[in-house]
Amino acid sequence: MKIVVVGKGGVGKTTIVANLARLLGREGLNVIAIDADPSLNLATAVGIPKEVADEAPVLFDEEEFIRSRTLLPDGFIKLNPKVDDVVEKFGIKGPDNVVVLKLGEVKKGGMRCLCPEYAFLRALLSHLIIGKKDLVIIDMVAGLEPMSRGAIRGVDLVLCVVEPSIKSLDVATKIEKFSRDIGVKKLEVVANKVRDSKDIEFIETNIGRKVFHWIPFDTSVIEADYRGVSLIDYKPGSPAITSLSALKDKILSILQHMYKSSS
Ligand SMILES: Nc1ncnc2c1ncn2[C@@H]1O[C@H](COP(=O)(O)OP(=O)(O)OP(=O)(O)O)[C@@H](O)[C@H]1O
Ligand SMILES: [Mg+2]
């Protein structure tokens, strides 16, 4: 299963991806958490020590490697570049069966969707899912970069994170339209930093659809961030983790349904 987590800057994407990845890993899934945000802070949020995380290579910075795999001698791009060793080469092993891959950003302009990085990302995303026990979750760069296009198309579930603010809801509305236009199979809204039922009402009224799941405003998230540690290690019983655990169950049920209907 492939999940991509999107939303306006600062809504809580990294917090959600990191802790969901850990919770899903604990269920016995092989989780690959991809950091597609240039600020690259997913690994520490997952609980990998900062020194280890900082030392690990950033995939899209390895230009020679990407070019050697994607470019043909005549300058064309291979549609199926070899990617089977990427996780082994670049993945950082984290706790609970989670491997983090630092993707970084696509720097080139021009024909973006045809550049080697996209060809590589497409191949990578299709290759990483081999069995029912594999799950890829992507922490996407904020907003609607062209980057999102390649990564969003073909995923099983887009989780669009919002907080009770008009700006985040505007971004969500755009993401929803964009996802519909490119034929995304399933998009759900996750409300984060919720203080009371009025916040949910405000969100649902402004985006014109039901919230799939909500996570409370929780100061432990801020404290864990402050200390540069993972929330699930710092406060495993916090309200945010309890809520994320319920979200994990909803995802597992989608996953079960997906494989039942495809078999
Ligand atoms: N449920 C929550 N309760 C309180 N604070 C939260 C909650 N979730 C996230 N935060 C805080 O919001 C800020 C942004 O969170 P996070 O980095 O996860 O968001 P993001 O969407 O990944 O941001 P960016 O777009 O910058 O990558 C952090 O300071 C974090 O501590
Ligand atoms: Mg982030």
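**Group meeting talk: a walk through a predicted fold**

Okay, let's start in a loop: L40 sits between strand β2 and helix α2, which covers residues 42-46. Keep in mind that this is a predicted model. So what is the phi of L40? Near 45 degrees, and that's a positive value in a residue other than glycine. For background, most residues other than glycine have a negative phi. Is L40 buried or exposed? Partly exposed, with a relative accessible area of 26%.

There's another residue like that, K193, and its place is in strand β7. Phi of K193 is near 60 degrees, again positive and again not a glycine. K193 is partly exposed too, at a relative accessible area of 28%.

Right, now the sheet. How many strands form it? Eight, and the sheet is open, with the order β3-β4-β2-β5-β1-β6-β7-β8. The pairing is mixed. The strands at the edges are β3 and β8, with β8 being residues 213-216, and each of them pairs on one side only.

Then you have helices lying on that sheet. Helix α1, residues 13-26, packs on the sheet and touches β1, β2, β4, β5, β6, β7 and β8. The direction of α1 makes about 170 degrees with that of β5. Helix α9, residues 197-207, also packs on the sheet, and there the touching strands are β6, β7 and β8. Compare its direction with that of β7 and you get about 145 degrees.

Let me zoom in on β4, residues 98-102. How many of its residues are buried? Five of its five, so we can call the strand mostly covered. Here's a handy rule: in a regular strand the side chains alternate between the two faces of the sheet. You can follow that along β4: V98, V100 and K102 point one way, V99 and L101 point the other way, and all are buried. Yes, that includes the lysine, K102.

Who are the neighbours of β4? As a reminder, strands of a sheet pair through backbone hydrogen bonds, either parallel or antiparallel. With β2, residues 30-36, β4 pairs in the parallel sense over five bridges. If you want a spot to look for on screen, find D35, which stands opposite K102 in β4. On the β3 side, β3 and β4 run antiparallel and two bridges join them. There, I92 stands opposite V100 in β4. β3 and β4 make a hairpin with four residues between them, and D96 in the turn has a positive phi of about 55 degrees.

Back to helix α1 for a second, as T14 is found there. T14 is buried, with a relative accessible area of 17%. Which residues does T14 touch, leaving aside those up to four places away in sequence? N41, L42, A45 and D139. By contrast, take T14 and P95: they're 81 residues apart in sequence and 16 Å apart in space, C-alpha to C-alpha.

Next, a pair of helices. Two packed helices are described by the angle between their axes and the distance between the axes. For α4, residues 63-70, and α6, residues 116-128, the angle is about 75 degrees and the axes are 9 Å apart. That angle means α4 and α6 are roughly perpendicular to each other. Which residues meet? F65, I66, R69 and T70 from α4 meet P116, E117, A119 and F120 from α6. Sorted by class, this contact has five nonpolar, one polar and two charged residues.

While we're on α6, L125 has its place there too. L125 is buried, with a relative accessible area of 5%. From L125 to E201 you go 76 residues in sequence and 36 Å in space, C-alpha to C-alpha.

Last stop is helix α8, residues 166-181. How many residues does α8 have? It has 16, and from first C-alpha to last it reaches 23 Å, close to the 22 Å expected at 1.5 Å a residue. The buried residues of α8 are S168, L169, V171, A172, I175, E176, F178 and S179. After α8 comes G183, with a positive phi near 80 degrees.

Note on methods. Residues numbered from 1 in each chain as written. Chains lettered and ligands numbered in written order. Predicted model: local features only at pLDDT ≥ 70, side-chain atom pairs only at ≥ 80, totals over all residues. Heavy atoms only, no water. Axes fitted to C-alpha atoms, helices over the stretch in contact; angles between N-to-C directions. Parallel < 35°, antiparallel > 145°, perpendicular 65-115°, else oblique. Contact = heavy atoms within 4.5 Å. Nonpolar A, V, L, I, M, F, W, Y, C, P; charged D, E, K, R; others polar. Buried < 20%, exposed > 50% of the residue type's maximum accessible area, 1.4 Å probe, protein only. Pairing = 2+ DSSP bridges. Expected span 1.5 Å × (residues − 1).
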